[in-house]
Amino acid sequence: MLSRLRIVLVQTFHPGNIGAAARAMKTMGLAELVLVNPRAFPDDEATRLAAGAADVVDNARVVESLDEAVADCVQVIGASARLRSLPLPHFDEPDAMAQSALHNAQSAPVALVFGRERSGLTTAEIRCCTHQVSIPANPDYGILNLSQAVQILAYELHRAWRTREDSGFIYQTPTQATPPTREQFGHFQRHLHEVMEKSGFLTQPHARTEEQLQALFARAEPSRRELSLLRGLLSALEPESPDDPERANEGDG
Ligand code: SAH
């Protein structure tokens, strides 16, 4: 679906913006870049700012008119900071645009069109569009850098795609530390009990001190490694290292 989403940049002045837009696209899983009459392309600056997305720049197609760039598209969404008096359907929120674009991209290409750094899109170019979208921003100054506008809208497209049930997107999660077995946790609890008792820490046997400490450790959900660290600490705190054969066999795994 993302492969049917095309980014079109019209007469970009700074080649660096082309590279930065390519990077914005690739980070969001988009690959198809079409350039309408870029001032300077190919250009080292474009490749430099693309960083790991140089392939998107290398594969970019250069065409001579916006009509040509979007001829095969079923939906063409012009990104504009300012509303012009054209009666085009307008998305006030980028996420609404993304839902619609993704829906249409199920069957045919959809284009998002970005204008020139200085002057945006002409009225004639907006006429080539079926829809318009604006990124809501500061009313006193809401004009984004071209590649940043690409980044925001590309992010919304990616978000609309990845939250679909059939996207198969895999979220990166921190690797979970292995939790201790119940047996290992029991060994720790007994060890803690012994140290508390031997050290004279438990002066009032009926107080709930031990219970509270055990609850604290249970709540902390220590990993196997952390539990083993705690047991090392308990051993070091013991008055004399016990030559306890039972403990030696427990093993922390
Ligand atoms: N001076 C131009 C702004 C050009 S910024 C103008 O007034 O139109 C370059 C391009 O970035 C714009 O053509 C548009 O495609 C995109 N862009 C910048 N800010 C945007 C915003 N707030 N919403 C949607 N697109 C925006």
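This is a chat about a predicted model, covering its sheet, one helix, some loops and two pockets.

Visitor: Start with the sheet. How many strands form it, and in what order?
Guide: Seven strands form an open sheet, and the order is β3-β2-β1-β6-β4-β7-β5. The pairing is parallel.

Visitor: Which are the edge strands?
Guide: They are β3, residues 61–63, and β5, residues 90–91. Each of these pairs on one side only.

Visitor: What does β3 pair with?
Guide: Strand β2, residues 32–36, is joined to β3 by three bridges, and the two run parallel. L35 stands opposite V62 in β3.

Visitor: And β6, what lies on either side of it in the order?
Guide: In the order, β6 sits between β1 and β4. Five bridges join β6 to β1, residues 5–10, in parallel. I7 has L112 of β6 as its bridge partner. Strand β4, residues 75–79, also pairs with β6 in the parallel sense, over five bridges. There, V76 has A111 as its bridge partner.

Visitor: Is β6 buried or exposed?
Guide: Strand β6, residues 110–114, is mostly covered, with five of its five residues buried. V110, L112 and F114 are on one side, while A111 and V113 are on the other.

Visitor: Why do they split like that?
Guide: In a regular strand, side chains alternate between the two faces of the sheet. In β6 both of those faces are covered.

Visitor: New topic: α10. What length should it span?
Guide: Its 14 residues should span 20 Å at 1.5 Å a residue, and the end C-alpha atoms are 20 Å apart, which agrees.

Visitor: Which of its residues are buried?
Guide: L227, R231 and L234 are buried in α10. Seen down the helix axis, the buried residues of α10 fall within an arc of 55°, so they line one face.

Visitor: What does the face turned away from the buried side carry?
Guide: That face of α10 carries the exposed residues R225, L229 and A236. R225 counts as exposed because its relative accessibility is 75%, and the cut-off for exposed is over 50%.

Visitor: How far apart are R225 and P42?
Guide: Their C-alpha atoms are separated by 54 Å, and the two residues are 183 apart along the chain.

Visitor: Where is P42 found?
Guide: P42 is in the loop between β2 and α2. A cis peptide bond joins F41 and P42, with omega about -5°. Most peptide bonds are trans.

Visitor: Which residues other than glycine have a positive phi?
Guide: Q11 is one of them, with phi near 45°. N37 is another, with phi near 40°. Q11 is in the loop between β1 and α1, and N37 is in the loop between β2 and α2.

Visitor: How exposed is each?
Guide: Q11 is partly exposed, with a relative accessible area of 36%. N37 is partly exposed too, at 33%.

Visitor: Last topic, pockets. What volume has the largest?
Guide: The largest pocket has a volume of about 410 Å³. It is lined by 22 residues, and the closest to its centre are A79, S80, A81, I143 and L144. The lining divides into 10 nonpolar, seven polar and five charged residues.

Visitor: And the second largest pocket? What volume, and which residues line it?
Guide: The second largest pocket has a volume of about 160 Å³. Its lining includes A177, T178, F185, E221 and S223. By class, the lining has six nonpolar, two polar and two charged residues.

Conventions: Residues numbered from 1 in each chain as written. Predicted model: local features only at pLDDT ≥ 70, side-chain atom pairs only at ≥ 80, totals over all residues. Heavy atoms only, no water. Buried < 20%, exposed > 50% of the residue type's maximum accessible area, 1.4 Å probe, protein only. 1 Å grid on protein atoms, 1.4 Å probe; cavity = no way out; pocket = protein on both sides within 12 Å on 5 of 7 lines; lining within 4 Å. Points joined across faces, edges and corners; volume = space filled by probe spheres on them. Nonpolar A, V, L, I, M, F, W, Y, C, P; charged D, E, K, R; others polar. Helix = DSSP H or I, 4+ residues; strand = E, 2+ residues; numbered from the N terminus. Expected span 1.5 Å × (residues − 1). Arc of directions from axis to C-beta. Pairing = 2+ DSSP bridges.
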